[in-house]
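Visitor: Please show me how to read the strands and helices of a model.

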Amino acid sequence: MKTNDQLLAINSVTHANNTRIKQTHILITTLMFIVSMVLAPLNVSAATTDPTAVKWHPGHYYTIMSWGNNNSKYLSEVYSELKATPALRGIQMRYLWADLEKSKGVYDFSSIDKRLAELTARNKRLVIQVQTKSFDPNWKLVPDYLKSAAFENGQFPFSDYGSTTIRGYNIKLWNPQVRDRLIALFKVLGARYNSHPNFEGIGMIESAMGQPLEPISSAQADEFYVNMIQVNQKMRLFFPNTMTIQEVNYPRPVLNSLVTQLRDMGATLSGPDTFQDEKSLNFKATQYDPYQGIYNYYSDFSGMMAMAPQVMRKNYENTRNDGTGYAPTVSDILVFARDTLHANYIFWSRIPEYNDQVLEVLNWVEQRSDPAGGLNPVCPTAYSSCTD
């Protein structure tokens, strides 16, 4: 029989051995974790077992003025407001095609890189829009190499309906070579940014062609929208973990086919304006006119695809494009986008005259009470899953 002193000695040795075993286990576990972090690629799928999970941070975002994309004083003000307004989850920046592709296959993403790094440091997110339509004839829309015969000069001038004054330019998207060069741009962007956790989304400008000042055929018009869908399909391929966005407003006869295909591929529905009383946008189909306005699709496809309406200058000024409505409050716009358009995201243009009102509303408790700022936070069924 062992004495008490012998038992104490045995227990002491056993305790010491157990302690060494636990410490060794902790050390091995820690080393394995460190190795796994070093070897894991910077990809959102690393945080989920689903490699197609989409980054999902619904809520309110600024759309900043394009002239401010690289203006340090302006950006300093923007970042200060982001810090003071928790409901603002990030910003949307807009780049003309020519801003990003300087010559054929030569790209300049330095502005995007800088803004993305600055936003990441602030735990905010970036959405970019590639603009393939300009609203000022003096803007350089496309790279110079597209202005050649092989690309049918790349772009066409358009006017407002009933006018002959050039409003801006749109790309000749019906041309397969123009389409393929745009796809090439998105491919390079996808390889660079899809895996970045703070790169929230990428999109294209409105579906409305504008009134061409040069005659185009019905076949060209049809191919314009066929190719728009093909570009969006490629965007989904190049950005499997990132929200891809298409602004859709007109023409009404193509909307059903266009939006249905966008839904089926998992794209996000957006629009260039939030006009509560615009008749053509709210139009309900009848037996005499079966083509409903775009706002109806927000209700029809809510929960299936992400919804991300834009609020532009004119939307702050009036509820109708022609000015025959009334001047809404920011709260009015928010309620319409949230409750009628079922918004998951809202992009608020940072317009000086209205900015204080936007910030005031976004700092109300209703918007500060949850990360989505009171908007619909549910992951759309078009995505296999969403990840934070």
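Visitor: How many residues of strand 9 (residues 199–204) are buried?

Guide: This is a predicted model, in which local features need pLDDT of at least 70 and side-chain atom pairs count only at pLDDT 80 or more, while totals for chains, interfaces and linings use all residues. Residues are numbered from 1 along each chain as its sequence is written, and side-chain values use heavy atoms, with hydrogens and water left out. Buried means under 20% relative accessible area, exposed over 50%, and partly exposed in between (1.4 Å probe, protein chains only). In strand 9, 6 of the 6 residues are buried, so the strand is largely enclosed by the rest of the structure. Helices (H or I, at least four residues) and strands (E, at least two) are DSSP runs, numbered from the N terminus.

Visitor: Which strands does strand 9 join by bridges, and in what sense do they run?

Guide: Strands of a sheet pair through backbone hydrogen bonds, either parallel or antiparallel. Two strands count as paired if DSSP finds at least two bridges between them. Here 5 bridges join strand 9 to strand 6 (residues 125–131), running parallel, with Gln129 partnered by Gly203 of strand 9. Another 4 bridges join strand 9 to strand 11, also parallel, and Gly201 stands opposite Met243 in strand 11.

Visitor: What is the strand order of the open sheet of 8 strands?

Guide: The order is 12-11-9-6-3-2-14-13, with parallel pairing. Strand 12 (268–270) and strand 13 (310–311) stand at the edges with a single partner strand each, so one side of each has no neighbour in the sheet. Strand 12 is joined to strand 11 (residues 243–247) by 3 bridges, and Gln246 has Leu269 as its bridge partner.

Visitor: What is the order of the open sheet of 3 strands?

Guide: That order is 8-7-10, with antiparallel pairing. Its edge strands are strand 8 (168–171) and strand 10 (211–212), each pairing on one side only. Strand 7 (residues 155–159) pairs with strand 10 over 2 bridges, and Ser159 has Gln211 as its partner.

Visitor: At what angle do the axes of helix 5 and helix 6 cross?

Guide: Two packed helices are described by the angle between their axes and the distance between the axes. Axes are lines fitted to C-alpha atoms, for helices over the stretch in contact (heavy atoms within 4.5 Å), and angles run from 0 to 180 degrees between N-to-C directions. Helix 5 (residues 176–193) and helix 6 (residues 218–238) have axes that come within 9 Å and cross at roughly 20°. Angles under 35 degrees count as roughly parallel, over 145 as roughly antiparallel, 65 to 115 as roughly perpendicular and the rest as oblique. The two helices, helix 5 and helix 6, are therefore roughly parallel to each other.
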